[in-house]
Amino acid sequence: MIRCLVVDDEPLALNILEDYISKIPFLQLVKATTNPIEALTMVQDGGIDLVFLDVQMPELTGIQFLKIANGKAKVILTTAYPQYALEGYELDVVDYLLKPIAFDRFYKSVQKAQSIIQPSAKPAAAPEPVQQDDFMSDFIFVKTEHKIQKVYLHDILFIEGLKDYISIFTPSERIITLQNMKKMEDALPEKHFIRVHKSYIVSINKIDSIERSRIFIGDKIIPVGDTYREDFFKIVDGKNI
């Protein structure tokens with residue numbers, strides 16, 4: 001077992017990682033904490049193999065934590081800020097996960113950690129593929145202006161990118177979050193979502209009709225960009241009868 005510690009100043013972020021860790025048979029969660037000083041003491045005392053570490057925390061940043069810990073545990077950084085990636089890798093982190101973190105990306109990261117911490121261990125079998133029932137209950141958390149909001153994947157109609165933020169459209173609301181399209185695309189399961197334009201990701205299940213290079217979802221018309229047309233119509237052709 002790989003003994004894990006989760007450090008993040010946002011309780012909801014802790015809950016997500018606790019849930020992910022519980023699904024991995026070779027991980028054992030020792031503690032999840034919002035207190036980086038407490039976490040650093042635990043690492044220095046020994047007995048922690050792997051730390052999931054947020055970067056921006058008020059008392060002690062993740063980068064400062066790494067420098068003080070000095071390699072006493074392997075670290076996977078978890079953050080919404082990509083600008084710290086280079087410095088993190090210079091400090092020998094195992095991986096760098098950008099929020100919102102999808103479970104499949106999390107699993108690849110912990111497999112990498114396992115190969116470093118337990119090099120003689122047989123690779124663990126991948127979790128069962130996500131079934132429709134799982135999709136109906138799966139969700140992501142996104143930061144809005146005043147809160148972190150839970151969004152069920154099956155509620156998403158489409159996502160529109162606008163400069164430095166994106167809009168997530170559901171049947172009942174528009175959710176605006178500071179995020180970029182690439183990170184959102186990576187966080188969504190390919191089986192259910194596809195990028196069709198530099199500014200649009202659509203839920204395949206929510207498409208009502210397609211006319212030439214236009215997608216109709218409710219009363220919204222979404223263009224299919226030249227760069228994405230071939231991949232999109234491969235999926236469409238695969239569903240044709």
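Colleague: Where along the chain is the place of Pro-100?

Modeller: Pro-100 sits in the loop between β5 and α5, and I should add at once that this is a predicted model.

Colleague: What is the form of the peptide bond from Lys-99 to Pro-100, cis or trans?

Modeller: The general idea is that most peptide bonds are trans, and that most residues other than glycine have a negative phi. In this structure the bond leading from Lys-99 into Pro-100 is cis, and its omega is near -5°. A second backbone feature to look for is Asn-70, which is not a glycine and yet has a positive phi of about 55°; you will find Asn-70 in the loop between α3 and β4.

Colleague: How should I read the packing of two helices, and at roughly what angle do the axes of α2 and α3 cross?

Modeller: Two packed helices are described by the angle between their axes together with the distance between those axes. Here the axes of helix α2, residues 36–45, and helix α3, residues 62–69, come within 10 Å and cross at roughly 25°. Because angles under 35 degrees count as roughly parallel, α2 is roughly parallel to α3. The crossing of α2 and α3 is right-handed.

Colleague: Which residues of α2 and α3 meet?

Modeller: From α2 come Pro-36, Ala-39, Leu-40, Val-43 and Gln-44, and these meet Phe-65, Ile-68 and Ala-69 of α3. Sorted by character, the residues of this contact are 7 nonpolar and 1 polar, with no charged residue among them.

Colleague: Turning to the sheets, what is the strand order in the open sheet with parallel pairing?

Modeller: That sheet has 5 strands, and their order is β2-β1-β3-β4-β5. At its edges stand β2 (27–33) and β5 (95–98), each of which has a single partner strand, so one side of each is left without a neighbour in the sheet. From one strand to the next, the twist averages 20°. To follow one pairing in detail, take strand β1, residues 2–7, and strand β3, residues 50–54, which run parallel and are joined by 4 bridges; Val-7 stands opposite Leu-53 in β3.

Colleague: Which strands does helix α1 lie across?

Modeller: Helix α1, residues 11–22, lies across β1, β2, β3 and β4 (74–79), and runs at about 170° to β2. Helix α5, residues 103–117, also packs on the sheet, where it touches β1, β2, β3, β4 and β5, and its direction makes about 165° with that of β5.

Colleague: And in the open sheet with antiparallel pairing, what is the order of the strands?

Modeller: The order there is β10-β9-β8-β12-β11, again in an open sheet of 5 strands. Its edge strands are β10 (174–177) and β11 (193–197), and each of them pairs on one side only. If direction is ignored, neighbouring strands of this sheet are turned by 20° against each other on average. As a worked pairing, β11 and strand β12, residues 200–203, run antiparallel and are joined by 4 bridges, with His-197 opposite Tyr-200 in β12.

Colleague: Stepping back to the whole, how many helices and strands does the chain have?

Modeller: The chain has 8 helices and 15 strands. Its radius of gyration is 20 Å, which is close to the 18 Å that the globule rule gives for 241 residues, so the chain is as compact as a globular protein of that length. Along the principal axes, its C-alpha trace spans about 65 × 40 × 30 Å.

Terms used
Residues are numbered from 1 along each chain as its sequence is written. This is a predicted model: local features need pLDDT of at least 70, side-chain atom pairs count only at pLDDT 80 or more; totals for chains, interfaces and linings use all residues. Side-chain values use heavy atoms; hydrogens and water are left out. Axes are lines fitted to C-alpha atoms, for helices over the stretch in contact, and angles run from 0 to 180 degrees between N-to-C directions. Angles under 35 degrees count as roughly parallel, over 145 as roughly antiparallel, 65 to 115 as roughly perpendicular and the rest as oblique. A crossing is left-handed if the near helix is turned anticlockwise from the far one by less than a right angle, and right-handed if clockwise. Contact means heavy atoms within 4.5 Å. Ala, Val, Leu, Ile, Met, Phe, Trp, Tyr, Cys and Pro count as nonpolar, Asp, Glu, Lys and Arg as charged, and the others, Gly among them, as polar. Two strands pair if DSSP finds at least two bridges between them. The radius of gyration is taken over C-alpha atoms; the globule rule is 2.2 Å times the number of residues to the power 0.38.
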